[in-house]
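Let's take a friendly walk through some charged pairs and polar contacts. Please have the sequence and the model open as you read.

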Amino acid sequence: MMSNLLTFLFAGIVGLSTLTLSSILIIYLFHNNKKPQNNDTTKNHNPSLSIIIPFFNEPAENLINTLKSIEDQVYGGSIEVILLDDGSSNDTTLHVTNWQHAERKFKYHLKVLQRNTGRKGKALDIAVPLTSKYSEVIMVLDSDTILAPLAIQRATNVLMQDSKNVACCGFIIPTQSGKLIEKFQFFEHTGTLPAIKYLQSKIGKVGIIAGAFSLHRTSAVIELGGWGQWLVEDVAWTWKALAKGYRIVYAHNAVAYTICPSTFLDLFKQRRRWARGKVEAMKAAWVTSPIKSIMLLPWALLWVQISLFPLPLILALPIISNSHVLPTMAIAAANIAITILVHLTLHKNHSNPNSEKLPIRVLIATQSIYYNLLFDTINIPANLLGSLDGIVNRKKSWLTRSHIIYSPSEMNNSDTAPRKGSSTSSIDIEHRSNTSQP
């Protein structure tokens, strides 16, 4: 009885997610074979941009390096940056204020709160009214994220291609110091996950937007409301927008580098929070449109597989009946095969000089999947607990990690590998540059 139940659970989750991946891959191939559309993907769009950077006890060096990467942007439009200190207790605000006093390319506004709001979404909602009335796009950037020089231009180009595009995220690459836990996260963010986003973007249905680097049409933020009601604001807002019938897209060539958790405790906190965010997203979509939220079920199944896929397999293998072994293994093999194909659609080039050879590319994809499966298994407890948090609606909090500092000299300044960000705020002040309003 238990063997049949676990086999059915495994077959249902993995089989349906395999079908989902196959479907979006077919849609992608069909889309690529169509005649070019009227919209020019190479045309530069330069909307007036407002960048919001909320921070809480972020090391000053990290935030300053983030600001420097904004100054290095090659962008044809106007940019203003809203810095919101969410009740920090360190001296970052002082460092930022001193940094602002020098002549800068863009406008920087600093707002400091006396008390922490409790979560990033609330901080973003406070910052939105501080943006210029001319703002066309609001960009959310984490205070430890470093942008490649063309990241903003490339992301806005993708966002503005279609009037129904209301949000776009870039390609986030975690920085590493050599720890295994960071290696896991590197493979996760640079392997199959961006490939899935790339396919989803072709139909405007990206299910997980990167909150560390995302762009939103200002009009959509006003229409759909802010982010403050959710703990994991980026995913919930995305699903609400999708349930409204809007498009969410992905700019795979808009690169940004961010600092990832370096301890298992920090990782556990992050993944628990993210898992709760998925439950919040499903609720937000259902409240917005029950019918359209059903259409998002495939994305929910993908997350269930990614988060819980190893669990039913681990439990089922020791007790599975002989008659179910081959079907179960066939379903698993089909899932891995389609995942490799999805991986290959995006990762066509690699630093390896032999990357054009298909066997090398398949080997790279297989290695990524291997690390992802191990990582998924590690994250099962956090995913289960976070899902329970969302179901019973436990008290929301940032669940922030310990802050890490990286030296800028640890990374070069190329477009595909900019500096690593990195040292550490609180009175109620607001500082504005002397640059005139657009």
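Which backbone oxygen does the side chain of N90 reach at 3.5 Å? That partner is the backbone oxygen of E58, and the side chain of N90 also reaches the backbone oxygen of N57 at 3.4 Å. N90 itself is found in the loop between β2 (79-85) and α3 (92-100).

This is a predicted model, in which local features need pLDDT of at least 70, side-chain atom pairs count only at pLDDT 80 or more, and totals for chains, interfaces and linings use all residues. Residues are numbered from 1 along each chain as its sequence is written, and side-chain values use heavy atoms, with hydrogens and water left out.

Next, the charged pairs. The whole structure holds six salt bridges (a side-chain nitrogen of Lys or Arg within 4 Å of a carboxyl oxygen of Asp or Glu), including these:

| Salt bridge | Closest N and O atoms |
|---|---|
| K120 with D142 | 2.7 Å |
| K120 with E233 | 3.8 Å |
| D389 with R394 | 2.7 Å |

Salt bridges that share partners join K120, D142 and E233 into one network. K120 lies in helix α4 and E233 in helix α9 (residues 233-243), so their pair ties together parts that are 113 residues apart in sequence.

How covered are these residues? K120 counts as buried because its relative accessibility is 11% (buried means under 20% relative accessible area, exposed over 50%, partly exposed in between, with a 1.4 Å probe and protein chains only). E233 is buried too, at 4%, while D142 is partly exposed at 23%. In the other pair, D389 is buried at 4%, whereas R394 is partly exposed at 36%.

Terms used. Helix = DSSP H or I, 4+ residues; strand = E, 2+ residues; numbered from the N terminus. Polar contact = N/O pair within 3.5 Å; in protein donor to acceptor, adjacent residues only side chain to side chain.
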